[in-house]
Amino acid sequence: MKFSDTLRIIYEKLDKLGDLPVFSATVNRIQQVSSSEESDAMALAMAIMKDANLSAKILKIANSSTYHRGGPAITVVSRAVVLIGFAKIKNICLTLKLIEGFHQSHPDLNVPGLLMRSFLNANIASDLSMRSRHQGDPEEAYINALLFGLGEIVVAHTMPSAYRKMLVERRKGTHPWQKIQKAMLGGTFSDIGQDLARSWGHPPQVVQAMAQKDEVTEGEEATQIAGLSYELLEQLYGLDDMGEHSFGESLDDLGTVTGLSAEEITESALRCYQRVSQTASDYGLSCGSMVRNYVPTGDDAKDELMRQMAFITAQSVEDEREIEAPQERVKGSRYNQAEQQLDYLNQVTEMINQGEALPKILKTIVTAMEKCSQLDRAQLCLVNRAGDQLEVKIAEGEALDPIQSYFTRRKDGSQNDMFFRVMSRGATLLVSDLDENGWLERIPPEFVQEVECQGFVVAPVVVKDRVIGMLYGDRLKGRGPLDEQDFKVFSQFASQARLALLNA
(Lines give C-alpha, C1' and ligand atoms only; values in the text may rest on other atoms or scores of the structure.)
Protein backbone atom coordinates (compact mmCIF):
# COMPACT_ATOMS: atom_id res chain seq x y z
CA MET A 1 0.00 0.00 0.00
CA LYS A 2 1.17 3.53 -0.75
CA PHE A 3 1.86 5.75 2.26
CA SER A 4 -0.53 8.40 0.91
CA ASP A 5 -3.34 5.82 0.80
CA THR A 6 -2.61 4.81 4.40
CA LEU A 7 -2.83 8.42 5.55
CA ARG A 8 -6.07 8.96 3.63
CA ILE A 9 -7.67 5.90 5.28
CA ILE A 10 -6.50 6.98 8.74
CA TYR A 11 -7.84 10.52 8.46
CA GLU A 12 -11.16 9.31 7.05
CA LYS A 13 -11.53 6.80 9.88
CA LEU A 14 -10.61 9.38 12.51
CA ASP A 15 -13.34 11.66 11.22
CA LYS A 16 -15.88 8.85 11.64
CA LEU A 17 -14.59 7.23 14.83
CA GLY A 18 -14.00 10.33 16.92
CA ASP A 19 -13.11 14.00 17.03
CA LEU A 20 -9.40 13.43 17.55
CA PRO A 21 -8.32 16.32 15.29
CA VAL A 22 -10.79 18.51 17.19
CA PHE A 23 -9.45 17.50 20.59
CA SER A 24 -6.08 18.88 19.64
CA ALA A 25 -7.66 22.34 19.57
CA THR A 26 -8.64 21.86 23.22
CA VAL A 27 -5.18 20.59 24.15
CA ASN A 28 -3.39 23.30 22.19
CA ARG A 29 -5.50 25.97 23.88
CA ILE A 30 -4.61 24.51 27.28
CA GLN A 31 -0.93 24.43 26.32
CA GLN A 32 -1.06 28.06 25.17
CA VAL A 33 -2.73 29.28 28.35
CA SER A 34 -0.51 27.21 30.67
CA SER A 35 2.64 28.48 28.91
CA SER A 36 1.67 32.15 29.04
CA GLU A 37 3.18 34.27 31.83
CA GLU A 38 0.05 36.44 31.76
CA SER A 39 -2.37 33.56 32.42
CA ASP A 40 -3.77 32.73 35.85
CA ALA A 41 -5.44 29.65 37.29
CA MET A 42 -8.92 30.84 36.31
CA ALA A 43 -7.94 31.32 32.65
CA LEU A 44 -6.55 27.80 32.51
CA ALA A 45 -9.58 26.44 34.36
CA MET A 46 -11.90 28.06 31.82
CA ALA A 47 -9.97 26.43 28.97
CA ILE A 48 -10.30 23.02 30.66
CA MET A 49 -13.99 23.49 31.51
CA LYS A 50 -14.89 23.75 27.84
CA ASP A 51 -14.54 19.96 27.92
CA ALA A 52 -16.90 18.50 30.55
CA ASN A 53 -15.32 15.02 30.55
CA LEU A 54 -11.85 16.47 30.90
CA SER A 55 -12.98 18.68 33.81
CA ALA A 56 -14.43 15.72 35.70
CA LYS A 57 -11.25 13.68 35.22
CA ILE A 58 -9.00 16.56 36.29
CA LEU A 59 -11.04 16.88 39.49
CA LYS A 60 -10.77 13.14 40.07
CA ILE A 61 -6.98 13.26 39.70
CA ALA A 62 -6.71 16.34 41.92
CA ASN A 63 -8.49 14.34 44.63
CA SER A 64 -6.27 11.28 44.23
CA SER A 65 -3.61 10.38 46.79
CA THR A 66 -0.94 11.67 44.40
CA TYR A 67 -2.03 15.31 44.85
CA HIS A 68 -4.59 15.46 47.65
CA ARG A 69 -3.16 14.95 51.13
CA GLY A 70 -6.33 15.48 53.16
CA GLY A 71 -8.88 18.17 53.89
CA PRO A 72 -12.03 19.03 51.92
CA ALA A 73 -12.48 17.53 48.45
CA ILE A 74 -11.28 19.59 45.48
CA THR A 75 -14.49 20.45 43.64
CA VAL A 76 -13.45 23.49 41.57
CA VAL A 77 -11.24 23.18 38.48
CA SER A 78 -9.31 26.37 39.31
CA ARG A 79 -8.29 24.87 42.67
CA ALA A 80 -7.25 21.68 40.89
CA VAL A 81 -5.06 23.73 38.54
CA VAL A 82 -3.32 25.47 41.45
CA LEU A 83 -2.85 22.16 43.30
CA ILE A 84 -1.46 20.22 40.33
CA GLY A 85 0.50 23.10 38.82
CA PHE A 86 0.52 24.73 35.38
CA ALA A 87 3.44 22.67 34.09
CA LYS A 88 1.88 19.30 34.90
CA ILE A 89 -1.71 20.15 34.00
CA LYS A 90 -1.08 20.37 30.24
CA ASN A 91 0.64 16.99 30.25
CA ILE A 92 -2.19 15.42 32.25
CA CYS A 93 -4.78 16.90 29.86
CA LEU A 94 -2.97 15.54 26.82
CA THR A 95 -2.67 12.10 28.47
CA LEU A 96 -6.36 12.03 29.36
CA LYS A 97 -7.46 13.06 25.86
CA LEU A 98 -5.19 10.45 24.28
CA ILE A 99 -6.71 7.76 26.50
CA GLU A 100 -10.24 9.03 25.89
CA GLY A 101 -9.71 8.83 22.14
CA PHE A 102 -8.32 5.30 21.95
CA HIS A 103 -8.98 3.33 25.13
CA GLN A 104 -12.13 1.50 24.05
CA SER A 105 -11.00 0.48 20.58
CA HIS A 106 -10.51 -3.19 19.62
CA PRO A 107 -9.80 -4.94 22.96
CA ASP A 108 -8.26 -7.93 21.16
CA LEU A 109 -5.44 -5.70 19.90
CA ASN A 110 -4.64 -4.52 23.45
CA VAL A 111 -4.81 -0.83 22.58
CA PRO A 112 -4.99 -0.13 26.36
CA GLY A 113 -1.62 -1.89 26.59
CA LEU A 114 -0.18 0.44 23.95
CA LEU A 115 -1.60 3.42 25.83
CA MET A 116 -0.19 2.16 29.10
CA ARG A 117 3.23 1.78 27.53
CA SER A 118 3.04 5.35 26.18
CA PHE A 119 2.05 6.59 29.64
CA LEU A 120 4.92 4.65 31.21
CA ASN A 121 7.34 5.91 28.55
CA ALA A 122 6.30 9.49 29.30
CA ASN A 123 6.96 9.03 33.01
CA ILE A 124 10.35 7.38 32.48
CA ALA A 125 11.49 10.02 29.96
CA SER A 126 10.39 12.84 32.28
CA ASP A 127 12.14 11.28 35.28
CA LEU A 128 15.37 10.67 33.34
CA SER A 129 15.31 14.20 31.95
CA MET A 130 14.86 15.65 35.44
CA ARG A 131 17.82 13.61 36.75
CA SER A 132 19.97 14.08 33.66
CA ARG A 133 23.42 15.59 34.07
CA HIS A 134 22.54 17.91 31.18
CA GLN A 135 19.51 19.57 32.88
CA GLY A 136 16.82 18.58 30.41
CA ASP A 137 13.22 19.79 30.37
CA PRO A 138 11.08 17.10 32.12
CA GLU A 139 7.76 18.48 30.86
CA GLU A 140 8.93 18.59 27.25
CA ALA A 141 10.34 15.06 27.59
CA TYR A 142 6.98 13.87 28.97
CA ILE A 143 4.97 15.10 25.96
CA ASN A 144 7.54 13.87 23.46
CA ALA A 145 7.62 10.40 25.00
CA LEU A 146 3.84 10.19 25.44
CA LEU A 147 3.30 10.77 21.72
CA PHE A 148 6.28 8.72 20.53
CA GLY A 149 4.12 5.63 19.91
CA LEU A 150 1.12 7.54 18.55
CA GLY A 151 1.49 6.11 15.04
CA GLU A 152 1.07 2.50 16.17
CA ILE A 153 -1.88 3.36 18.43
CA VAL A 154 -3.67 5.17 15.60
CA VAL A 155 -3.09 2.32 13.13
CA ALA A 156 -4.48 -0.22 15.64
CA HIS A 157 -7.47 2.09 16.17
CA THR A 158 -8.27 2.95 12.54
CA MET A 159 -6.90 -0.03 10.57
CA PRO A 160 -7.46 -3.02 12.87
CA SER A 161 -7.48 -5.64 10.09
CA ALA A 162 -4.16 -4.45 8.67
CA TYR A 163 -2.69 -4.21 12.16
CA ARG A 164 -3.73 -7.80 12.95
CA LYS A 165 -1.96 -9.02 9.80
CA MET A 166 1.15 -7.07 10.79
CA LEU A 167 1.17 -8.73 14.22
CA VAL A 168 0.87 -12.15 12.58
CA GLU A 169 3.89 -11.38 10.39
CA ARG A 170 5.81 -10.12 13.39
CA ARG A 171 5.18 -13.31 15.36
CA LYS A 172 6.67 -15.34 12.50
CA GLY A 173 9.98 -13.60 13.22
CA THR A 174 11.20 -13.61 9.63
CA HIS A 175 11.31 -9.83 9.03
CA PRO A 176 12.19 -6.79 11.18
CA TRP A 177 9.19 -4.86 12.56
CA GLN A 178 10.00 -1.71 10.60
CA LYS A 179 10.20 -3.66 7.35
CA ILE A 180 6.72 -5.11 8.03
CA GLN A 181 5.38 -1.61 8.68
CA LYS A 182 6.75 -0.28 5.38
CA ALA A 183 5.44 -3.28 3.44
CA MET A 184 1.92 -3.02 4.87
CA LEU A 185 1.55 0.75 5.25
CA GLY A 186 4.05 2.31 2.83
CA GLY A 187 5.79 3.92 5.78
CA THR A 188 6.56 3.44 9.47
CA PHE A 189 4.52 4.16 12.57
CA SER A 190 6.97 6.99 13.17
CA ASP A 191 6.08 8.56 9.79
CA ILE A 192 2.36 8.33 10.60
CA GLY A 193 2.78 9.77 14.08
CA GLN A 194 4.78 12.70 12.76
CA ASP A 195 2.17 13.48 10.11
CA LEU A 196 -0.65 13.39 12.67
CA ALA A 197 1.21 15.54 15.20
CA ARG A 198 2.07 18.05 12.49
CA SER A 199 -1.54 18.25 11.24
CA TRP A 200 -2.86 18.67 14.80
CA GLY A 201 -0.63 21.67 15.33
CA HIS A 202 1.82 20.25 17.86
CA PRO A 203 5.16 22.09 18.06
CA PRO A 204 8.14 20.99 15.90
CA GLN A 205 9.98 19.39 18.83
CA VAL A 206 7.06 17.02 19.42
CA VAL A 207 7.02 16.07 15.72
CA GLN A 208 10.78 15.53 15.76
CA ALA A 209 10.44 13.35 18.88
CA MET A 210 8.66 10.70 16.79
CA ALA A 211 11.58 10.31 14.38
CA GLN A 212 13.48 7.05 14.12
CA LYS A 213 16.67 6.79 16.14
CA ASP A 214 18.94 7.38 13.14
CA GLU A 215 16.97 10.52 12.21
CA VAL A 216 17.36 12.32 15.55
CA THR A 217 19.42 15.50 15.54
CA GLU A 218 22.35 15.44 17.95
CA GLY A 219 21.88 17.70 20.95
CA GLU A 220 18.08 17.36 21.07
CA GLU A 221 18.19 15.66 24.47
CA ALA A 222 14.46 15.58 25.22
CA THR A 223 13.84 14.07 21.79
CA GLN A 224 16.56 11.47 22.20
CA ILE A 225 15.34 10.44 25.66
CA ALA A 226 11.79 9.91 24.36
CA GLY A 227 12.92 7.47 21.68
CA LEU A 228 15.55 5.71 23.75
CA SER A 229 13.25 5.10 26.74
CA TYR A 230 10.67 3.69 24.30
CA GLU A 231 13.36 1.38 22.94
CA LEU A 232 14.14 0.26 26.50
CA LEU A 233 10.48 -0.67 27.03
CA GLU A 234 10.50 -2.60 23.75
CA GLN A 235 13.35 -4.61 25.22
CA LEU A 236 11.54 -5.24 28.50
CA TYR A 237 8.31 -6.25 26.77
CA GLY A 238 10.17 -8.59 24.40
CA LEU A 239 9.16 -6.60 21.35
CA ASP A 240 12.64 -6.15 19.88
CA ASP A 241 12.07 -9.52 18.25
CA MET A 242 14.87 -9.47 15.68
CA GLY A 243 17.53 -8.86 18.29
CA GLU A 244 18.75 -5.65 16.61
CA HIS A 245 19.65 -4.13 19.99
CA SER A 246 20.46 -5.62 23.37
CA PHE A 247 19.17 -4.40 26.72
CA GLY A 248 22.70 -3.36 27.64
CA GLU A 249 23.05 -1.31 24.44
CA SER A 250 19.81 0.53 25.19
CA LEU A 251 21.08 1.34 28.68
CA ASP A 252 24.38 2.54 27.25
CA ASP A 253 22.61 4.83 24.74
CA LEU A 254 20.48 6.35 27.49
CA GLY A 255 23.55 6.72 29.68
CA THR A 256 25.36 8.62 26.93
CA VAL A 257 22.46 11.07 26.52
CA THR A 258 21.67 11.59 30.21
CA GLY A 259 25.03 11.05 31.89
CA LEU A 260 23.37 8.52 34.24
CA SER A 261 24.69 5.09 35.13
CA ALA A 262 22.93 1.88 34.08
CA GLU A 263 21.91 1.33 37.70
CA GLU A 264 20.41 4.84 37.96
CA ILE A 265 18.44 4.30 34.74
CA THR A 266 16.99 0.95 35.84
CA GLU A 267 16.11 2.43 39.25
CA SER A 268 14.30 5.28 37.45
CA ALA A 269 12.42 2.82 35.22
CA LEU A 270 11.29 0.76 38.23
CA ARG A 271 10.30 3.86 40.21
CA CYS A 272 8.18 5.12 37.29
CA TYR A 273 6.65 1.70 36.75
CA GLN A 274 5.51 1.65 40.37
CA ARG A 275 4.18 5.23 40.14
CA VAL A 276 2.24 4.46 36.95
CA SER A 277 0.80 1.31 38.56
CA GLN A 278 -0.51 3.44 41.42
CA THR A 279 -1.98 6.24 39.29
CA ALA A 280 -3.19 4.31 36.24
CA SER A 281 -6.77 4.01 37.46
CA ASP A 282 -6.99 7.81 37.80
CA TYR A 283 -6.21 8.00 34.07
CA GLY A 284 -8.79 5.36 33.13
CA LEU A 285 -6.27 2.55 32.60
CA SER A 286 -6.03 -0.85 34.23
CA CYS A 287 -2.73 -2.22 35.47
CA GLY A 288 -3.81 -5.50 33.89
CA SER A 289 -2.92 -4.05 30.48
CA MET A 290 0.70 -3.69 31.68
CA VAL A 291 1.05 -7.39 32.47
CA ARG A 292 4.26 -8.87 31.14
CA ASN A 293 4.93 -12.53 31.95
CA TYR A 294 8.30 -12.90 33.59
CA VAL A 295 10.48 -15.19 31.48
CA PRO A 296 14.23 -15.24 32.30
CA THR A 297 16.42 -14.20 29.36
CA GLY A 298 19.90 -14.80 30.78
CA ASP A 299 20.62 -11.06 31.01
CA ASP A 300 20.94 -10.56 34.78
CA ALA A 301 20.19 -6.80 34.81
CA LYS A 302 17.18 -7.16 32.50
CA ASP A 303 15.82 -10.23 34.33
CA GLU A 304 16.04 -8.53 37.73
CA LEU A 305 14.18 -5.45 36.49
CA MET A 306 11.51 -7.57 34.78
CA ARG A 307 11.06 -9.67 37.91
CA GLN A 308 10.47 -6.60 40.08
CA MET A 309 8.09 -5.08 37.51
CA ALA A 310 6.11 -8.33 37.35
CA PHE A 311 5.76 -8.30 41.15
CA ILE A 312 4.53 -4.68 41.17
CA THR A 313 2.00 -5.44 38.41
CA ALA A 314 0.64 -8.51 40.21
CA GLN A 315 0.25 -6.50 43.40
CA SER A 316 -1.48 -3.59 41.62
CA VAL A 317 -3.90 -5.88 39.77
CA GLU A 318 -4.80 -7.56 43.08
CA ASP A 319 -5.40 -4.15 44.67
CA GLU A 320 -7.71 -3.23 41.78
CA ARG A 321 -9.74 -6.38 42.38
CA GLU A 322 -10.04 -5.64 46.09
CA ILE A 323 -11.28 -2.12 45.34
CA GLU A 324 -13.73 -3.19 42.65
CA ALA A 325 -15.32 -6.05 44.61
CA PRO A 326 -16.76 -3.95 47.46
CA GLN A 327 -18.04 -1.39 44.96
CA GLU A 328 -20.01 -4.09 43.18
CA ARG A 329 -21.44 -5.44 46.44
CA VAL A 330 -22.27 -2.19 48.24
CA LYS A 331 -24.64 0.09 46.43
CA GLY A 332 -24.15 3.75 47.32
CA SER A 333 -20.79 3.27 49.06
CA ARG A 334 -18.90 6.39 50.14
CA TYR A 335 -16.29 5.61 47.47
CA ASN A 336 -18.88 5.75 44.69
CA GLN A 337 -20.57 8.80 46.18
CA ALA A 338 -17.34 10.81 46.25
CA GLU A 339 -16.86 10.01 42.55
CA GLN A 340 -20.45 10.98 41.78
CA GLN A 341 -20.18 14.18 43.77
CA LEU A 342 -17.31 15.45 41.63
CA ASP A 343 -19.17 14.51 38.46
CA TYR A 344 -22.36 16.27 39.59
CA LEU A 345 -20.53 19.39 40.76
CA ASN A 346 -18.81 19.64 37.40
CA GLN A 347 -22.11 18.99 35.60
CA VAL A 348 -23.95 21.69 37.55
CA THR A 349 -21.14 24.21 37.00
CA GLU A 350 -21.25 23.53 33.27
CA MET A 351 -25.05 23.92 33.22
CA ILE A 352 -24.82 27.27 35.01
CA ASN A 353 -22.05 28.51 32.69
CA GLN A 354 -23.99 27.45 29.59
CA GLY A 355 -27.22 29.13 30.75
CA GLU A 356 -29.21 25.91 31.08
CA ALA A 357 -32.88 26.22 32.11
CA LEU A 358 -33.16 26.83 35.87
CA PRO A 359 -35.66 23.99 36.60
CA LYS A 360 -33.28 21.51 34.96
CA ILE A 361 -30.34 22.78 37.04
CA LEU A 362 -32.33 22.61 40.29
CA LYS A 363 -33.56 19.10 39.53
CA THR A 364 -29.95 18.01 38.95
CA ILE A 365 -28.94 19.57 42.28
CA VAL A 366 -31.70 17.82 44.24
CA THR A 367 -30.83 14.52 42.55
CA ALA A 368 -27.17 15.04 43.45
CA MET A 369 -28.01 15.66 47.11
CA GLU A 370 -29.68 12.27 47.33
CA LYS A 371 -27.27 10.30 45.12
CA CYS A 372 -24.00 11.65 46.55
CA SER A 373 -24.78 11.14 50.24
CA GLN A 374 -26.48 8.68 52.58
CA LEU A 375 -29.64 10.82 52.48
CA ASP A 376 -32.69 8.76 51.50
CA ARG A 377 -34.74 11.76 50.32
CA ALA A 378 -34.14 15.29 49.11
CA GLN A 379 -36.49 17.98 47.90
CA LEU A 380 -36.88 21.64 46.97
CA CYS A 381 -39.85 23.54 48.34
CA LEU A 382 -40.84 27.06 47.29
CA VAL A 383 -42.81 29.61 49.32
CA ASN A 384 -45.27 32.11 47.84
CA ARG A 385 -44.62 35.87 47.90
CA ALA A 386 -46.77 36.30 50.99
CA GLY A 387 -44.56 33.76 52.77
CA ASP A 388 -47.49 31.71 54.07
CA GLN A 389 -47.78 28.87 51.54
CA LEU A 390 -45.16 26.14 51.01
CA GLU A 391 -45.19 23.83 47.98
CA VAL A 392 -42.92 20.94 46.94
CA LYS A 393 -41.47 21.50 43.48
CA ILE A 394 -38.78 18.78 43.09
CA ALA A 395 -38.29 15.60 45.12
CA GLU A 396 -35.88 12.68 44.73
CA GLY A 397 -35.39 9.42 46.62
CA GLU A 398 -37.64 6.77 48.15
CA ALA A 399 -40.86 7.00 50.17
CA LEU A 400 -41.55 10.51 48.84
CA ASP A 401 -45.31 10.71 49.46
CA PRO A 402 -45.05 11.47 53.21
CA ILE A 403 -42.63 14.41 52.82
CA GLN A 404 -44.46 15.80 49.78
CA SER A 405 -47.73 15.64 51.69
CA TYR A 406 -46.38 17.21 54.88
CA PHE A 407 -44.49 20.05 53.21
CA THR A 408 -47.36 21.09 50.96
CA ARG A 409 -48.89 23.24 53.63
CA ARG A 410 -50.11 26.71 54.68
CA LYS A 411 -48.81 28.65 57.66
CA ASP A 412 -51.42 28.30 60.42
CA GLY A 413 -49.85 29.67 63.62
CA SER A 414 -49.36 26.20 65.12
CA GLN A 415 -46.22 24.26 66.04
CA ASN A 416 -46.21 23.03 62.45
CA ASP A 417 -44.99 26.48 61.42
CA MET A 418 -41.47 25.51 62.60
CA PHE A 419 -40.14 25.24 59.04
CA PHE A 420 -41.54 28.67 58.14
CA ARG A 421 -39.63 30.06 61.16
CA VAL A 422 -36.44 28.29 60.06
CA MET A 423 -36.76 29.87 56.61
CA SER A 424 -37.41 33.34 58.00
CA ARG A 425 -34.24 33.16 60.12
CA GLY A 426 -32.18 32.29 57.07
CA ALA A 427 -30.12 29.70 58.95
CA THR A 428 -29.50 26.03 58.16
CA LEU A 429 -30.95 23.55 60.67
CA LEU A 430 -29.31 20.14 61.16
CA VAL A 431 -31.03 17.52 63.30
CA SER A 432 -28.70 14.52 63.15
CA ASP A 433 -30.89 12.20 65.22
CA LEU A 434 -34.44 12.84 66.40
CA ASP A 435 -33.93 10.43 69.30
CA GLU A 436 -31.17 12.55 70.84
CA ASN A 437 -30.85 15.95 72.54
CA GLY A 438 -34.58 16.27 73.27
CA TRP A 439 -35.48 16.92 69.61
CA LEU A 440 -38.71 14.91 69.82
CA GLU A 441 -40.07 17.47 72.30
CA ARG A 442 -39.30 20.41 70.02
CA ILE A 443 -40.21 19.00 66.61
CA PRO A 444 -43.89 19.13 65.48
CA PRO A 445 -45.56 15.80 66.42
CA GLU A 446 -47.34 15.74 63.06
CA PHE A 447 -43.96 15.88 61.29
CA VAL A 448 -42.55 13.03 63.41
CA GLN A 449 -45.59 10.82 62.76
CA GLU A 450 -46.04 11.50 59.05
CA VAL A 451 -42.48 11.85 57.78
CA GLU A 452 -40.87 9.07 59.85
CA CYS A 453 -37.26 10.12 59.53
CA GLN A 454 -34.26 9.51 61.78
CA GLY A 455 -32.62 12.83 61.07
CA PHE A 456 -32.94 15.76 58.66
CA VAL A 457 -31.33 18.96 57.41
CA VAL A 458 -33.02 22.13 56.13
CA ALA A 459 -31.43 25.07 54.31
CA PRO A 460 -33.38 28.23 53.39
CA VAL A 461 -33.00 29.35 49.77
CA VAL A 462 -32.38 33.10 49.76
CA VAL A 463 -32.03 35.28 46.67
CA LYS A 464 -31.18 38.97 47.08
CA ASP A 465 -32.30 39.01 50.73
CA ARG A 466 -35.63 37.35 49.93
CA VAL A 467 -36.45 33.83 51.11
CA ILE A 468 -37.97 31.93 48.19
CA GLY A 469 -38.04 28.44 49.67
CA MET A 470 -35.97 25.72 51.27
CA LEU A 471 -33.96 22.60 50.50
CA TYR A 472 -34.64 19.55 52.64
CA GLY A 473 -32.93 16.17 53.04
CA ASP A 474 -33.41 13.31 55.49
CA ARG A 475 -32.69 9.69 56.33
CA LEU A 476 -35.54 7.27 56.98
CA LYS A 477 -36.24 6.05 60.51
CA GLY A 478 -34.11 3.11 61.56
CA ARG A 479 -31.30 3.83 59.09
CA GLY A 480 -29.08 5.73 61.46
CA PRO A 481 -28.40 9.43 62.08
CA LEU A 482 -27.06 11.94 59.57
CA ASP A 483 -23.31 12.39 59.72
CA GLU A 484 -20.89 15.18 58.90
CA GLN A 485 -20.33 13.97 55.33
CA ASP A 486 -24.07 14.03 54.58
CA PHE A 487 -24.21 17.61 55.86
CA LYS A 488 -21.19 18.64 53.75
CA VAL A 489 -22.66 17.20 50.56
CA PHE A 490 -26.05 18.81 51.25
CA SER A 491 -24.47 22.21 51.99
CA GLN A 492 -22.26 22.07 48.92
CA PHE A 493 -25.16 21.53 46.56
CA ALA A 494 -27.30 24.07 48.45
CA SER A 495 -24.60 26.62 47.59
CA GLN A 496 -24.78 25.52 43.93
CA ALA A 497 -28.54 26.08 44.00
CA ARG A 498 -28.10 29.64 45.33
CA LEU A 499 -25.51 30.33 42.64
CA ALA A 500 -27.85 29.02 39.93
CA LEU A 501 -30.69 31.21 41.19
CA LEU A 502 -28.44 34.29 41.31
CA ASN A 503 -27.30 33.71 37.73
CA ALA A 504 -30.89 33.24 36.65
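Biologist: How many cavities of 30 Å³ or more does a search of the whole structure find?

Modeller: Keep in mind that this is a predicted model. Rolling a probe the size of a water molecule over the atoms shows where empty space is left. Searching the whole structure for cavities of 30 Å³ or more turns up just 1.

Biologist: And which element gives the largest share of the lining of that largest cavity?

Modeller: The cavity has a volume of about 30 Å³, and its lining is made of Leu114, Arg117, Ser118, Gly149, Glu152, Ile153 and Tyr230. By type, those residues split into 3 nonpolar, 2 polar and 2 charged. Two elements give two or more residues each, helix H9 (150-158) and H7. The largest share, 3 residues, belongs to H7.

Biologist: Which helix gives the largest share of the largest nonpolar core?

Modeller: In soluble globular proteins, nonpolar side chains tend to be buried together. Here the largest nonpolar core has 95 residues, and Ile48, Ile58, Leu150 and Tyr163 have the most contacts inside it. With 10 residues, the largest share of this core comes from helix H7 (residues 111-131).

Biologist: How many residues are in the second, separate core?

Modeller: Look for Leu345, Leu375, Leu471 and Val489, which are included in this second core. It is separate from the other one, and its size is 30 residues.

Biologist: What does tyrosine 163 touch, leaving out residues up to four places away in sequence?

Modeller: Tyr163 is one of the residues with the most contacts inside the largest core. Leaving out those sequence neighbours, tyrosine 163 touches Leu109, Leu114, Glu152, Val155, Ala156, Trp177 and Phe189.

Biologist: Within what arc do the buried residues of H11 fall, seen down its axis?

Modeller: Helix H11 (residues 177-185) has Trp177, Ile180, Gln181 and Leu185 buried. Those buried residues line one face of the helix, because down the axis they fall within an arc of 100°.

Biologist: Which residues are exposed on the other side of H11?

Modeller: An α-helix has 3.6 residues a turn, so residues three or four places apart point the same way. Across from the buried face of H11, the exposed ones are Lys179 and Ala183.

Biologist: Is alanine 427 buried, partly exposed or exposed?

Modeller: Alanine 427 sits in the loop between helix H21 (418-425) and strand E4 (429-431). Beyond its sequence neighbours up to four places away, alanine 427 touches Val422, Val458 and Pro460. Its relative accessibility is 39%, so alanine 427 counts as partly exposed.

Biologist: What separates the C-alpha atoms of alanine 427 and proline 460?

Modeller: Along the chain, these two are 33 residues apart. In space, their C-alpha atoms are separated by 6.6 Å.

Technical notes: Residues are numbered from 1 along each chain as its sequence is written. This is a predicted model: local features need pLDDT of at least 70, side-chain atom pairs count only at pLDDT 80 or more; totals for chains, interfaces and linings use all residues. Side-chain values use heavy atoms; hydrogens and water are left out. A nonpolar core is a set of buried Ala, Val, Leu, Ile, Met, Phe, Trp, Tyr and Cys residues joined through side-chain atoms within 4.5 Å. Buried means under 20% relative accessible area, exposed over 50%, partly exposed in between (1.4 Å probe, protein chains only). Helices (H or I, at least four residues) and strands (E, at least two) are DSSP runs, numbered from the N terminus. Contact means heavy atoms within 4.5 Å. On a 1 Å grid over the protein atoms alone, a cavity is a set of points where a 1.4 Å probe fits but cannot get out, and a pocket is an open set with protein on both sides within 12 Å along at least five of seven lines; lining residues have an atom within 4 Å of a point. Grid points are joined across faces, edges and corners, and a volume is the space filled by probe spheres set on the points. Ala, Val, Leu, Ile, Met, Phe, Trp, Tyr, Cys and Pro count as nonpolar, Asp, Glu, Lys and Arg as charged, and the others, Gly among them, as polar. The arc is that of the directions from the helix axis to the C-beta atoms.
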